[in-house]
Amino acid sequence: DLDALCYSMPAREVGGDFYSYHAFGTQGDGAAPPARYALAIGDITGKGVSAALLMATSLSQFDASLAIEMSAAERLIHLDRAIMPYTRPRRQNCALCYIELERHSDATATLTTINAGGIPPYIRSADGSVECLEIGGFALGQGLGMRLGYQSAQRTLGRGDLVILTSDGVVEANDAAGAMFGFEQLEAMIAAGPTASSAAMLEHMQRTLEAFIGPADLHDDLTIVVVQI
């Protein structure tokens, strides 16, 4: 019902980025496909084994939360509280961008975004325009989101529109001379990409990033999620 692809490349043998996706509703019994979906991309502070351990904890807590009926904002408050015992000892946190997509019978969809310190999502419309949903919030595991809450942003999407989530490893990628890829090139890369499918856009982004990074080492874990209505 949705065309979605996820890609992740750690900077070391193990990394701290993660992604998750979920279809709400009954599955496997011949019923109609569920009309609401959740997708998320997470980024743990630090690299290597300590980041990977907290990544595994954060991902398991996130996946467990999906069994509980909550609003998008309530889910992030719940996660902020749930991972604090693991983040505080090492003064780490988990940046998370979380979206829900609700499909409608007229082939449109409502996108709801909650951002807890991550890179906000980009929308590449079927007409070629690109929008960054500039919404922020406190990273998980600090207790600030639990006390102050999270804001949400909504957009209506049409058939063929793409939603792109990335970790900060994309904008912070360095070339051989040490120059950073940055937000301007990220938006330009998305604007220049094909809209035929999620696979086509993801392949375009991978090629563009590989050409930019060249022989340089990967500076940070790099994760991309692309979903098309």
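**A first look at the chain, its cores and its loops**

Alanine 56 is partly exposed, its relative accessible area being 42%. This value falls between the limits of 20% for buried and 50% for exposed, so alanine 56 belongs to neither of those two classes. The residue sits in helix α1. From isoleucine 44 it is separated by 12 residues in sequence, and the two C-alpha atoms lie 10.0 Å apart in space. These values, like those that follow, come from a predicted model.

With that starting point in place, the chain as a whole can be introduced. It contains 6 helices and 10 strands. Its radius of gyration is 17 Å, which agrees with the value near 17 Å for a compact globule of 229 residues. Along the principal axes, the C-alpha atoms fill a box of roughly 50 × 45 × 30 Å. Buried residues make up 49% of the 229 in the chain. The exposed surface comes to about 10,500 Å², and carbon and sulfur atoms supply 50% of that area. Contacts often link parts of the chain that are well separated in sequence: among those between residues at least 6 apart, 68% join residues at least 24 apart.

The interior is a good place to look next. The largest nonpolar core has 21 residues, and the members that touch the most others are Ile44, Phe62, Leu76, Leu96, Tyr98 and Leu140. Two or more residues of this core come from each of β3 (36-44), α1 (48-65), α2 (72-87), β4 (94-103) and β5 (109-116). A second core, separate from this one, holds 20 residues, including Val171, Met189, Met201 and Val226. Returning to the largest core, tyrosine 98 offers a closer view of the packing. Beyond its neighbours within four places in sequence, tyrosine 98 contacts Phe24, Ala38, Leu39, Ala40, Phe62, Leu66, Ala72, Arg75, Leu76, Thr112, Thr113 and Ile114.

Helix α2 deserves a paragraph of its own. It has 16 residues and spans 22 Å from its first C-alpha to its last, close to the 22 Å expected at 1.5 Å a residue. The helix nevertheless bends by about 25° at arginine 81, and proline 85 follows within four residues. Its buried residues are Ala72, Arg75, Leu76, Leu79, Asp80, Ala82, Ile83, Met84 and Thr87. An α-helix has 3.6 residues a turn, so residues three or four places apart point the same way. Cover for the buried residues of α2 comes from elements that include α1, β4, β5 and α3 (144-148).

Several loop residues complete the picture. Arginine 91, in the loop between α2 and β4, has a positive phi of about 55° although it is not a glycine. With a relative accessibility of 79%, arginine 91 counts as exposed. Alanine 107, in the loop between β4 and β5, likewise has a positive phi, here of about 75°, without being a glycine. Most residues other than glycine have a negative phi. Alanine 107 counts as buried because its relative accessibility, 15%, is under 20%.

Aspartate 106 is also in the loop between β4 and β5, but it counts as exposed, at 52% relative accessibility. Its C-alpha atom is 38 Å from that of aspartate 221, which is 115 residues away along the chain. Finally, serine 125 is in the loop between β6 (122-124) and β7 (130-132). At 17% relative accessibility, serine 125 counts as buried. Outside its neighbours within four places in sequence, serine 125 contacts Asp161 and Thr195.

How values were computed: Residues are numbered from 1 along each chain as its sequence is written. This is a predicted model: local features need pLDDT of at least 70, side-chain atom pairs count only at pLDDT 80 or more; totals for chains, interfaces and linings use all residues. Side-chain values use heavy atoms; hydrogens and water are left out. A nonpolar core is a set of buried Ala, Val, Leu, Ile, Met, Phe, Trp, Tyr and Cys residues joined through side-chain atoms within 4.5 Å. Buried means under 20% relative accessible area, exposed over 50%, partly exposed in between (1.4 Å probe, protein chains only). Contact means heavy atoms within 4.5 Å. The expected span of a helix is 1.5 Å times one less than its number of residues. The bend at a residue is the angle between axes fitted to the seven residues ending there and the seven starting there. The radius of gyration is taken over C-alpha atoms; the globule rule is 2.2 Å times the number of residues to the power 0.38. Accessible areas come from the Shrake-Rupley method with a 1.4 Å probe; for residues, only the protein chains shown count as cover.
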